[in-house]
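Subject: Structure handover and findings

Dear colleague,

I am handing over the structure below, together with an account of what was found in it. Please read the two side by side.

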Amino acid sequence: MATLSAAAKGRSPTAIVMLNMGGPSTVQETHDFLRNLFMDGDLIPLPFQRVLAPFIARRRTPQIEKQYADIGGGSPILRYTDYQGAGMCELLDELHPETAPHKHYVAFRYANPLTQETARRMKDDGVKRAIAFTQYPQYSCSTTGSSLNELFRRGRAGEMGDIHWSVIDRWGTHPGFVEAVAQNIEAALAKFEPSDRSDVVLLFSAHSLPMSVVNRGDPYVLEVSASVNAVMDRLGHLNPYRLVWQSQVGPSAWMGMQTGEAIKGDHIETLYELDIEYMKEGRELGMDIRRAESLNESPVFIRALADIATEHLRLVISASSRFYTVIRDGGGVIHPNEIVVRSPQFIDAHWKYSVRFDKDDVRVSEILDSSGNRNKFVHYALQIGLKLALECSMNAFAEVLSHGLDIAAIGDNDFYTQQVKSGEPRSTIASLSEIPPFRPLNVTLPDVQKTGMGSSAALITSIVSALLLKFGVISEKDFIKPDSRDRILAHNTAQLVHCLAQGKVGSGFDVSAAVFGSHVYTRFDPKVLTPLMGVSDDLADLARIRLQPILDPNAATPDTLSWNSKVEPFQLPPLVRLVLADVAGGSSTPSLVKKVNDWRSKNPEDGIVLLPKQQWTDIDLSNKNLVDGLLTLSALYGENVDAYEEAIQILSFLPSSQWAQACTSENTRAVTEAFIRVHQASETTRTLMRKMGESAVVHIEPPAQIELLNKSIAQAGVIGGGVPGAGGDDAIWVLVLEPKDAIETPLHRVEQVWREFQLRTVSPLLATESVAKGARIEDFHAVRGLRLAVTTEDYATKNIDKLL
């Protein structure tokens with residue numbers, strides 16, 4: 001069975017192949033189902049299988065037919081799988097338009113539609129990209145393994161055509177799955193009397209496995225246990241519970257105890273055993289037994305399926321460079337209900353705003369005598385931040401504004417190209433470290449050359465967070481906690497401001513990095529911001545929309561979508577350094593993105609559009625491999641520090657092309673192999689990004705960058721590199737090894753390449769990976785150079801050396 005979403009019909013679909021055991025849809029199909037099941041040596045190994053399997057199937061058919069008749073005349077699994085698949089693909093088209101249209105295919109192992117039938121349909125549909133999505137939440141070689149083996153056999157036989165595959169083989173602790181199960185348990189508990197509810201024993205009844213399978217190391221039992229533990233954590237461990245097992249077949253030993261034995265102290269549908277057999281046994285023993293509903297039409301579960309399929313893990317490494325926002329009362333110089341925003345490093349970079357408000361709305365308007373050009377990022381940050389503050393507390397709002405506000409926003413030197421005078425040597429990390437912080441730039445803001453460090457996201461995050469703290473919307477105590485409501489509210493608000501200022505809902509990783517620091521990032525659902533993205537350019541339409549229910553995780557209503565972005569903490573492995581470089585004469589990221597978007601909008605049906613769409617998931621997979629490799633290295637360091645450091649010493653003197661032949665010991669071999677995998681993943685991502693750029697006729701990694709990166713990565717001790725963000729030739733990044741006590745390091749070799757490079761002027765940046773975990777509150781007097789920059793008149797034109 002399959003359905004095609006309405007989006008982008010006519011293109012080759014991205015196939016989501018839903019693998020499962022299946023069940024006979026009618027009583028008449030029971031015999032064929034049982035024959036296929038007993039013929040599967042992966043599930044039930046039998047001696048003389050081809051003889052015994054048909055015999056057992058014939059013997060059991062009458063009994064099983066009666067049981068299917070008792071639950072309604074057949075298995076409902078196909079109907080519900082189709083329902084879930086259609087809902088999942090509808091969501092995928094919205095969440096992940098790059099790979100639309102999405103089409104789900106059901107591939108049952110023992111019932112129609114069988115895998116071979118589904119394979120033919122996929123070939124007829126011209127599928128080129130597919131995800132094998134097991135519908136068993138926990139992995140077992142007997143179930144998921146059997147389905148994947150059958151899929152492989154059909155592919156090897158040429159029954160599917162040329163398809164690029166990826167696999168989802170387990171998801172038993174995914175938060176969406178856990179939430180869906182927990183909600184159904186809560187609904188079932190609600191049927192008991194309140195006085196009895198806490199005493200109800202929860203029986204988690206899972207399909208059993210033969211002990212012969214368990215004893216050879218099958219992970220299924222452990223993964224089922226992990227699922228149960230996750231659900232009980234979500235439920236708060238308020239009830240006693242047991243994990244029990246059902247559907248034992250034959251006389252051999254199976255995982256127990258069996259569900260029926262647990263209630264009392266041949267394979268057929270779970271519904272029959274739970275709704276008929278076990279209910280009857282419970283009544284005979286004087287028990288009140290209720291079954292929690294299955295996940296059949298649960299919208300929470302369907303959303304979880306979509307999230308699992310579309311989860312694009314992006315590795316976000318936060319750099320140490322920062323924007324600082326200092327908010328002070330106007331001090332009699334600024335009028336009440338007026339705000340002045342300044343960027344002291346630039347000439348004439350200040351903007352004046354008036355604030356008008358009542359109990360329902362606030363309007364921030366730019367005063368026409370502002371000397372600086374209009375700054376949409378600043379204006380939107382003020383309008384959104386102040387509206388949210390007014391919704392939270394009008395009295396506090398009026399009090400703060402009664403004094404007027406002076407806001408100074410200042411960026412670290414790494415955000416701006418540090419010009420070198422003619423005849424002077426190119427910058428090095430050593431020379432840049434001698435430049436005083438917050439160097440006056442002596443140019444207007446439109447004339448500055450930026451380094452591609454994500455200055456707009458850092459600026460917005462800094463201003464928004466400072467405003468919410470100033471107006472008491474969030475507290476210092478809670479903001480410093482990495483996963484608190486206050487930090488999440490600051491993140492959501494900054495994302496909205498950034499999206500409005502850019503005119504689109506972007507990936508969000510740059511704002512997320514500014515708020516949370518280094519992490520593995522999963523993007524939020526763009527539909528969260530849909531009610532707000534259509535407002536007019538002056539934001540006057542915001543008066544009719546309350547922001548707090550949309551942005552505040554503690555104020556959400558049933559009508560608002562929840563923010564489902566995910567942040568998993570991450571840090572580079574020890575003795576690995578991130579190095580960034582500014583490439584002079586580079587491109588503008590917004591203009592580069594605009595070219596890609598224009599290409600996509602002008603060629604919606606062009607065959608060339610298929611290439612990057614198919615590659616998008618490959619890029620995500622490659623990025624995930626990169627993340628996994630880096631996490632593995634951190635784990636290896638924890639297991640054996642000496643072996644890890646020994647491997648670093650060896651690899652630092654060899655280019656990555658020779659790492660596989662390195663004379664490493666048994667102890668260091670695992671570390672070496674992990675570094676090789678990280679290098680390969682990095683290079684794969686580079687290749688895929690270049691191909692996507694070629695399709696869009698855009699240089700995501702331009703020729704000069706290709707040469708520069710190839711030379712850099714070829715140096716001894718360099719792991720990999722690339723262009724950050726959306727690409728272009730304004731910046732590059734490189735990962736290098738940092739051996740202890742080395743006189744010549746990989747970083748020195750890379751800097752030498754950059755100094756000698758002729759096609760562009762390449763300057764390293766001081767930034768490294770930030771270990772500060774995102775936005776933080778600073779002591780104004782403790783940040784070197786900050787007070788001087790904020791309080792010095794005409795700071796942008798001053799000689800910093802004379803000020804110090």
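A residue is called buried here when its relative accessible area is under 20%, exposed when that area is over 50%, and partly exposed in between. By that cut-off Asp406, with a relative accessible area of 10%, is buried. Please keep in mind throughout that this is a predicted model.

Strand S13 and its partners

Asp406 belongs to strand S13, which spans residues 405-411, and the strand as a whole is mostly covered, with 7 of its 7 residues buried. Leu405, Ile407, Ala409 and Gly411 point one way from S13, whereas Asp406, Ala408 and Ile410 point the other way, and all of them are buried. Strand S9 runs antiparallel to S13 and is joined to it by 7 bridges, with Phe323 standing opposite Gly411 of S13. Strand S10 (residues 338-342) also pairs with S13, but in the parallel sense and over 4 bridges, and here Val340 is the residue that stands opposite Asp406.

The side chain of Asp406 has a charged partner as well, since it forms a salt bridge with Arg328 in which the closest N and O atoms are 3.5 Å apart. Because Asp406 lies in S13 and Arg328 in strand S9 (residues 323-329), this pair ties together parts that are 78 residues apart in sequence. Arg328, for its part, is partly exposed, with a relative accessible area of 33%.

Other salt bridges

The count of salt bridges comes to 31, and a few further examples may be worth your attention.

Lys103 and Asp125 meet through their side chains in a salt bridge with an N to O distance of 2.4 Å. This pair links distant parts of the chain, with Lys103 in strand S3 (residues 102-108) and Asp125, 22 residues away, in the loop between helix H4 (115-124) and strand S4 (129-134). Lys103 counts as buried at 12% relative accessibility, while Asp125 is partly exposed, its relative accessible area being 31%.

A salt bridge within one helix is formed by Arg35 and Asp32, at 3.4 Å from N to O; both residues lie in helix H1 (residues 30-39), and they are 3 residues apart, about one turn of the helix. Arg35 counts as partly exposed at 32% relative accessibility, as does Asp32 at 38%.

Beyond these pairs, a network of salt bridges links Asp40, Arg109, Glu150, Arg153, Arg154 and Glu159.

The open sheet

An open sheet of 4 strands, paired in the antiparallel sense, has the order S17-S18-S16-S19. Strand S17 (718-722) and strand S19 (762-764) stand at the edges and have a single partner strand each, so one side of each is left without a neighbour in the sheet. Neighbouring strands of this sheet are turned against each other by 25° on average, with direction ignored. Within the sheet, strand S16 (residues 576-583) and strand S18 (residues 731-737) run antiparallel and are joined by 7 bridges, and Val576 has Leu737 in S18 as its bridge partner.

A helix pair

Helix H15 (residues 455-470) packs against helix H18 (residues 509-516) at an angle of about 50°, with their axes 9 Å apart. That angle makes H15 oblique to H18, and the crossing of the two helices is right-handed.

Cysteines and a loop proline

A search of the whole structure finds 0 disulfides. Two cysteines can be described by their accessibility: Cys141 counts as partly exposed at 23% relative accessibility, whereas Cys499, at 2%, counts as buried.

Finally, Pro45 is placed in the loop between H1 and helix H2 (49-70), where, at 51% relative accessibility, it counts as exposed. The C-alpha atoms of Pro45 and Ser142 are separated by 9.7 Å, although these residues are 97 residues apart along the chain.

With kind regards

Key: Residues numbered from 1 in each chain as written. Predicted model: local features only at pLDDT ≥ 70, side-chain atom pairs only at ≥ 80, totals over all residues. Heavy atoms only, no water. Pairing = 2+ DSSP bridges. Axes fitted to C-alpha atoms, helices over the stretch in contact; angles between N-to-C directions. Disulfide = S-S within 2.5 Å. Buried < 20%, exposed > 50% of the residue type's maximum accessible area, 1.4 Å probe, protein only. Salt bridge = Lys/Arg side-chain N within 4 Å of Asp/Glu carboxyl O. Parallel < 35°, antiparallel > 145°, perpendicular 65-115°, else oblique. Left-handed = near helix turned anticlockwise from the far one by under 90°.
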